[in-house]
Every structure is written in C-alpha cells, then in structure tokens.
Amino acid sequence: MSDSSFSQSVYWFRHASPYINAHRGRTFVIHLDGEALRTSGLDELIADLALLSSLGIRLVVTYGMRPQLQESFARHQLTWQEHQGRLIVNAERLQVLLTCAGGLRTQLEARLSMGLPNSPMQGAGLRVLSGNLVTARPLGIREGVDLHSSGEVRRIQVKSINSLLDQGAIVLLPPLGYSATGETFDLDAEEVAMATAIHLGADKLILFGEDGGLKNPSGELIRDLSPDEAESWLTSLAPQSTLQRHLQAACSACRRGVARAHLLSYQRSGALLQELFTRDGDGTLITQQRYENLRQARIEDVGGLLALLRPLEEAGVLVRRSRELLEAEIERFTVIDLDGSIIACAALYPYPDQKQGELACVVVDPEYRQGQRGDRLLESLQKQARALGIEQLFVLTTHTAHWFLERGFLPAQVEQLPAARRDLYNWQRNSRVFYKTL
C-alpha cells in the first residue's frame, strides 16, 4: 500500500469513528427497488449491508420487484393492468407474483449468507430471517374497479421484528402482506418500507433507486431538505416514477417520527458508507432537523472550535486561544454545525459604552468555503449586534482585508478603536482595522 493510500485509510477510519459509535444499536430500514436487485454492483451493496450489521446496526431490508414482475408477466403472457397506480392482482397474476417474490427473497438470502474466503463477506456469518411479519388488508373496489389481491399495510409485527433484531439477525421483508383469514396480498414496496420504519421508530429510512437524490435546475445535487421543502418537489417529478415514490415515502416517514430518510443511488459504489460514515454524506437527506445548523456555540463545542482554529493559529492568521479562554468566552461564538462537526465560527465582543462591537475569529473550514457560510455568519452577528444596541462593528485582520471590504467594511485607524480594545492592540501583528456602520 502506498503512503498516500495508507494515509487516506487512516484518515477515513479516524473520521468515521464518531459515526460508528453513533450508529451502533440503531435501527435502519433499507429499501432496494427492483432495479437495484439487477445491478452489477449488488454484491458490493450486500457487502456494505454486512459491514453495517457487523458494526452493531439493526437492519431491516425491504425490496421491490416491478421490473422482475414485468418480465415474469411477459413470459407467462399476462398483461400488466393498473388502476390508481396499483397493479390489479387477480388470481392468475397472484401466482406469478408469489413465485417472483419468493425467488427474489431466496436470491437476497443467499447473497447475504455468502462467506467465501477472499471476499468482502468472508466470516460475516449473517443470519437473515423473514416471515409473516406484515399484516395486510385488501384495497377492495376503487372507482368501481376490483383490485382483488392488491392490498395495503394494516400492521407491522413490531414485537416479532424487534425480537429478531435483538438476536442479531437481518430481517428481510418482501412486498407481501398476510391477513388473519389466510390471504396473501401484493403490497406497495415503498409503503412496506415506510410503515416498517414508522412502526419500529427507526432512526433511518434509506431508499436506493437509480437517482442519487434530488437535483436543482442546474443539475446540482440537493443535499438536505425538510419534509415541507421536499414535498414541493413532488409535482415536478414524473408521476409514479421511482424517485417520486421514494421521495413521498421519505417525507411521510419523517413527518411521522423517523429522524432521517436518505435517497441514495445503487449505481454509486459505496454510497451507503459515504452517507453514513462521512461528514459530507451522499445523496439527498430528508430530515425534520436541519443537517447544517447555524446556532450559538455551547460548551461541548470547544473541542470542535479548537480543531477549526488551530491551523490558522499555527499559520499566524489568528491569535492563539487556549481551551480555557474559549470555554470562558463560548457565549460570544456563533457556529455552523454540519451533522455534529463545527465547520465555521465567528465571535462578537460588545463594547456597549461606545455602542461598538468587535467581529472576531471569522473562520470557515477550507473544504466548505464555497457555500456563503461566512456571509451567513456575518448576517447573524450583525443581527445580534443590532439587538444589543451596537451601531458599529469593527474587525482586525492581517489576511482577509478584501473579504471585509467587499461586505461594506471601511478602513479605519487604530486610534478609532474603543480604548479598552486599543490598549490590547498588538503592534507586532500590525493588523488592519475596518469599520462598518450598522
């Protein structure tokens, strides 16, 4: 292994460890659409699921089968007939459907059971269990059309699923449900995934489709949205497309208690690991809580602030601050928190007698300087300053004069600083002074 590859591996493990600890013991529902089961990268995805299980994550896997079922119907010369977006499953179609669902379940069970030497699954020793874990009821007659054996989820057998998960098994759920009268119903696969996540109180619902999430009109990936924001996209997506169905399921799950839902692409190798174990993630995240938050700093942020500030202190860009000083001044800081990591900060030090305030420690992690985070911090601190009756902000800088000039700050003299701040001015650093009237 080259030095660079070794360094990258060490870097990844060190930065993944907080996520490994955070995910252990959590419950994830992972949904694979039918196309995902036909992709050449399925074995890699299966290996990633095995890795999650080995790390102590409780996994429920659901799957769809539309393309496989369409092929089976064609072989049996059966027509595909839908009403209100659901397949009409008469007795003849049901037999083919059950055979298809059983075949896919066997295929997934076999792949999750692989343990060949020199393969990612070596020694995994996974147990994969399924059963009559979803109770269903018929959709009945809709607009005069009898949907026969097409059904909807009535109940998820939460106690039974949790018992299997507690034993360390991966629970596999086909898009089928069973009634108390012994009938079998074809279910919407996304509804099974969504209902399972909701009833289990899952920490995550992860949906794999062809698309790696939502994209804006410029073709750029949208990283995170609230359910309200995400639902506004539903009308712009093709009706009954995989992405629309996945997005609807994600929004519904988040509104009903699932903390986070993720839209990922099965075509991106390692997308699942990238999303779960890195700060930047992958795909689109739907969450009631914002993935990236601008907020007041808390005492537990001191470690993150030290890590953010240290490189600039060592380069002489910032004056060095000790942990003790940061702890004492933590209420002065505003931070941007990206999924638990501090990626930007700024501080406001008021001089109320002079109605002035110092803007200090404006720092954005180099990897995140393209998202106008500095402007968000500046806007927030200006609002705080106005609320405190501050009429002028000033800043001392040695390296970023142009950034402040571009945002309305004007050059000033050291003599214009409040007396208390002027007495602390470091003539050796020779910082430039800039003022902005609010």
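Biologist: What is the relative accessible area of Phe-404?

Modeller: This is a predicted model: local features need pLDDT of at least 70, side-chain atom pairs count only at pLDDT 80 or more, and totals for chains, interfaces and linings use all residues. Residues are numbered from 1 along each chain as its sequence is written, and side-chain values use heavy atoms, leaving out hydrogens and water. Buried means under 20% relative accessible area, exposed over 50%, partly exposed in between (1.4 Å probe, protein chains only). Phe-404 is buried, because its relative accessible area is 3%.

Biologist: How many residues apart in sequence are the parts tied together by Phe-394 and Tyr-435?

Modeller: Rings of Phe, Tyr and Trp (its six-membered ring) pair if their centres lie within 6.5 Å; planes under 30 degrees apart count as stacked, over 60 as edge-to-face, the rest as tilted. The search of the whole structure finds 6 aromatic pairs. Phe-394 and Tyr-435 form a tilted one, at 5.7 Å centre to centre and 40° between the planes. Phe-394 lies in strand β21 and Tyr-435 in strand β23 (strands are DSSP runs of E, at least two residues; helices are runs of H or I, at least four; both are numbered from the N terminus), so the parts tied together are apart in sequence by 41 residues.

Biologist: What angle lies between the planes of Phe-404 and Phe-409?

Modeller: Phe-409 is buried, at 1% relative accessibility. Phe-404 and Phe-409 form an edge-to-face pair, 5.3 Å centre to centre, and the angle between their planes is 80°.

Biologist: Which are the edge strands of the open sheet of 8 strands?

Modeller: Two strands pair if DSSP finds at least two bridges between them. The order is β5-β10-β2-β1-β13-β15-β16-β14, with mixed pairing. Two strands each pair on one side only: β5 (128–129) and β14 (224–225).

Biologist: Which residue in β10 stands opposite Val-60?

Modeller: Strand β2 (residues 58–63) and strand β10 (residues 170–173) pair in the parallel sense, over 3 bridges. Opposite Val-60, in β10, stands Val-171.

Biologist: Is the crossing of α3 and α4 left-handed or right-handed?

Modeller: Helix α3 (residues 66–75) and helix α4 (residues 91–112) pack at about 130°, with axes 10 Å apart; axes are lines fitted to C-alpha atoms, for helices over the stretch in contact (heavy atoms within 4.5 Å), and angles run from 0 to 180 degrees between N-to-C directions. That makes α3 oblique to α4, because under 35 degrees is roughly parallel, over 145 roughly antiparallel, 65 to 115 roughly perpendicular and the rest oblique. A crossing is left-handed if the near helix is turned anticlockwise from the far one by less than a right angle, and right-handed if clockwise. The crossing of α3 and α4 is right-handed.
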